[in-house]
Amino acid sequence: AEQRRRVAGELAQALGEAGIAGAVTALGGRGTRPGWLRFPLLSSPAIRLAAGTAPFRQLGVVPAYPMPLPDLPPFLAGRSMARWPGATQLAERLLTLPAHRWVRPQDIASIVRLFAQHGSR
């Protein structure tokens, strides 16, 4: 967990220094410490679509949800079709980045470069 926290901190710092918006750097309540199994990033919808391509996948950057959770069949059974704008926005923008112990500084630099190349500022 400490190694994932270190990687998450390095990702947050590198993304912030590059002016890439959307890095979620604080989750949980006061006094908690996230375990960072994956590092969340809110991107533009265009970047999220691009994240399905090989350059993103090769670096472990992947979209988090294929669709809003309320749109999945288990949620729809017997429920009204009310809109869930927050869930829709999250599904359109949320990516996750690797935060495991094998993420190297050059991997982080490659991730930052990839976002910068795709206009995620």
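In the predicted model, helix H5, spanning residues 85-93, lies across strands E1 and E3. The helix runs at about 45 degrees to E3. Both of these strands belong to an open sheet of three strands, arranged in the order E1-E3-E2 with antiparallel pairing. E1 and E2, the latter comprising residues 62-63, are the edge strands, and each of them pairs on one side only.

The pairing of E1 with E3 is antiparallel and extends over five bridges. Within this pair, Arg38 has Pro98 of E3 as its bridge partner. E2 and E3 also run antiparallel and are joined by two bridges. Here Pro63 is matched with Leu95 in E3. In general, the strands of a sheet pair through backbone hydrogen bonds, in either a parallel or an antiparallel manner. E3 is mostly covered, with five of its five residues buried.

The sheet is set within a chain that contains six helices and three strands. Along the sequence, these elements follow the pattern α-β-α-α-β-α-α-β-α. Of the 121 residues in the protein chain, 32% are buried. The accessible surface of the chain amounts to about 7,300 Å², and carbon and sulfur atoms account for 60% of this surface. When contacts between residues at least 6 apart in sequence are considered, 72% join residues that are at least 24 apart.

The interior was examined next. Nonpolar side chains tend to be buried together in soluble globular proteins. In this model, the largest nonpolar core consists of 25 residues, and the residues with the most contacts inside it are Phe39, Phe56, Leu97 and Phe115. At least two residues of this core are supplied by each of helix H1 (2-17), strand E1 (38-42), helix H2 (45-50), strand E3 (94-98) and helix H6. H1 provides the largest share of the core, with six residues.

The surroundings of Phe56 illustrate the packing of one such core residue. With neighbours within four places in sequence left aside, Phe56 is in contact with Ile47, Ala50, Ala51, Val61, Leu114, Phe115 and His118. Ile47 and Ala50 fall within the residue range of H2, 45-50, while Leu114 and Phe115 fall within that of H6, 105-117. Phe115 is itself listed with Phe56 among the core residues with the most contacts.

Charged side chains were considered separately. Side chains of opposite charge can pair when their charged atoms come close. The model contains four salt bridges. One of them links Arg5 to Glu2, with the closest N and O atoms 2.8 Å apart. Both residues lie in helix H1 and are three residues apart, about one turn of the helix. Arg5 is partly exposed, its relative accessible area being 22%. Glu2 is likewise partly exposed, at 48%. Salt bridges that share partners connect Glu2, Arg5 and Arg33 in one network.

Another salt bridge in H1 is formed by the side chains of Arg6 and Glu10, at an N to O distance of 3.0 Å. Arg6 and Glu10 are separated by about one helical turn because they stand four residues apart in the helix. Arg6 has a relative accessible area of 38% and is therefore partly exposed. Glu10, at 29% relative accessibility, also counts as partly exposed.

A further salt bridge joins the side chains of Arg104 and Asp107, with an N to O distance of 2.8 Å. Arg104 is partly exposed, at 43% relative accessibility, whereas Asp107 is buried, with a relative accessible area of 17%. The latter assignment follows because the value for Asp107 lies under the 20% limit for a buried residue. Asp107 is located in helix H6, which covers residues 105-117. Apart from residues up to four places away in sequence, Asp107 touches Leu59 and Trp102.

Note on methods:
Residues are numbered from 1 along each chain as its sequence is written. This is a predicted model: local features need pLDDT of at least 70, side-chain atom pairs count only at pLDDT 80 or more; totals for chains, interfaces and linings use all residues. Side-chain values use heavy atoms; hydrogens and water are left out. Buried means under 20% relative accessible area, exposed over 50%, partly exposed in between (1.4 Å probe, protein chains only). Contact means heavy atoms within 4.5 Å. Accessible areas come from the Shrake-Rupley method with a 1.4 Å probe; for residues, only the protein chains shown count as cover. A nonpolar core is a set of buried Ala, Val, Leu, Ile, Met, Phe, Trp, Tyr and Cys residues joined through side-chain atoms within 4.5 Å. Two strands pair if DSSP finds at least two bridges between them. Axes are lines fitted to C-alpha atoms, for helices over the stretch in contact, and angles run from 0 to 180 degrees between N-to-C directions.
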